[in-house]
Amino acid sequence: VPIYMVQSINFVGCLIFPPIVSALTTHMNDFRVILPGMWIMAIAPLIIVLMPNILGASLWQIALTLGEVFWRPRVLSWTARLAPTGKEGLFFALATTRALIGPVTDFFLGYLNSVYNPNCPDC
């Protein structure tokens with residue numbers, strides 16, 4: 001199994017499920033939706049620790065995706081509520097800094113994966 005196939009679970013899940021979860025949780029407070037998502041993402045690495053194989057990596061990505069689907073759509077509205085009047089743009093800029101540096105770090109991590117973690121021919 002190519003390593004990037006497992007990683008694509010997160011990409012596809014985060015593309016499809018956030019609008020659905022947002023629609024189902026519109027009646028809830030932002031922080032009440034963000035907090036469980038963050039806990040799910042925080043606990044997710046235990047799966048890969050307990051099951052260091054392809055199934056464990058896949059379940060880890062599913063848990064990460066589930067957590068991210070809950071908190072990602074609500075973080076900007078929560079950020080807007082925290083910002084003082086007139087400073088919303090600054091708060092949004094700080095909240096989305098990862099999006100600016102993300103492509104650079106993703107490229108670098110992809111390079112490191114190809115060099116130090118090549119696909120296993122026996123897997």
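The exercises below work through the helices, salt bridges, burial and surface of one predicted chain.

Residues are numbered from 1 along each chain as its sequence is written. In this predicted model local features need pLDDT of at least 70, side-chain atom pairs count only at pLDDT 80 or more, totals for chains, interfaces and linings use all residues, and side-chain values use heavy atoms, with hydrogens and water left out.

**Exercise 1. The overall fold**

Describe the secondary structure, the extent and the burial of the chain.

Step 1. Assign the elements. Helices (H or I, at least four residues) and strands (E, at least two) are DSSP runs, numbered from the N terminus. The chain has six helices and zero strands. Its pattern along the sequence is α-α-α-α-α-α.

Step 2. Take the extent. The C-alpha trace spans about 55 × 30 × 25 Å along its principal axes.

Step 3. Check burial. Buried means under 20% relative accessible area, exposed over 50%, and partly exposed in between (1.4 Å probe, protein chains only). Of the 123 residues in the chain, 21% are buried.

Step 4. Look at contacts (heavy atoms within 4.5 Å). Among those between residues at least 6 apart in sequence, 67% join residues at least 24 apart.

**Exercise 2. The salt bridges**

Find the salt bridges, and say which residues share partners.

Step 1. Apply the rule: a side-chain nitrogen of Lys or Arg within 4 Å of a carboxyl oxygen of Asp or Glu. The count is three salt bridges.

Step 2. Start with D30 and R74. Their closest N and O atoms are 2.8 Å apart. D30 lies in helix 2 (residues 30–43) and R74 in helix 4 (residues 54–82), so this pair ties together parts 44 residues apart in sequence. D30 is buried, at 5% relative accessible area. R74 is buried too, at 9%.

Step 3. Add R81. Its side chain meets D30 in a salt bridge (3.4 Å, N to O). This pair links distant parts of the chain, R81 in helix 4 and D30 in helix 2, 51 residues apart. R81 is exposed, with a relative accessible area of 61%.

Step 4. Turn to E68 and R72. The closest N and O atoms of this salt bridge are 3.4 Å apart. The two residues are four apart in helix 4, so about one helical turn separates them. E68 is buried at 15% relative accessible area, whereas R72 is partly exposed at 43%.

Step 5. Join the pairs. D30, R74 and R81 form one network through salt bridges that share partners.

**Exercise 3. The two sides of helix 2**

Which residues of helix 2 are buried, and against what do they pack?

Step 1. Check the length. The expected span is 1.5 Å times one less than the number of residues. For the 14 residues of helix 2 this gives 20 Å, and the end C-alpha atoms are 21 Å apart, which agrees.

Step 2. List the buried residues. They are D30, V33, I34 and G37. These cover an arc of only 95° around the axis, so they sit on the same side of helix 2. The arc is that of the directions from the helix axis to the C-beta atoms.

Step 3. Recall the geometry. An α-helix has 3.6 residues a turn, so residues three or four places apart point the same way.

Step 4. Take the other side. There R32, W39 and A42 are exposed.

Step 5. Name the packing partner. The buried residues of helix 2 pack against helix 4.

**Exercise 4. Two buried polar residues**

What do N10 and T79 touch, not counting residues up to four places away in sequence?

Step 1. Place N10. N10 is in helix 1. It counts as buried, at 14% relative accessibility. Beyond four places in sequence, N10 touches Q61, L64, T65 and E68.

Step 2. Place T79. T79 is in helix 4. It is buried, with a relative accessible area of 9%. With the same exclusion of residues up to four places away, T79 touches F91, F92 and A95.

**Exercise 5. The surface**

Which residues form a nonpolar patch on the surface?

Step 1. Take the total. Accessible areas come from the Shrake-Rupley method with a 1.4 Å probe; for residues, only the protein chains shown count as cover. The chain exposes about 8700 Å², and carbon and sulfur atoms supply 74% of it.

Step 2. Set the patch rule. Members have over 30% relative accessible area and no salt bridge; like charges are joined within 9 Å, nonpolar side chains (Val, Leu, Ile, Met, Phe, Trp, Tyr) within 5 Å.

Step 3. List the members. F11, V12, L15, I16, F17, I20 and L24 form the patch, with about 720 Å² of accessible area together.

Step 4. Look at one of them. F17 is in helix 1 (residues 3–24). At 43% relative accessibility, F17 is partly exposed.
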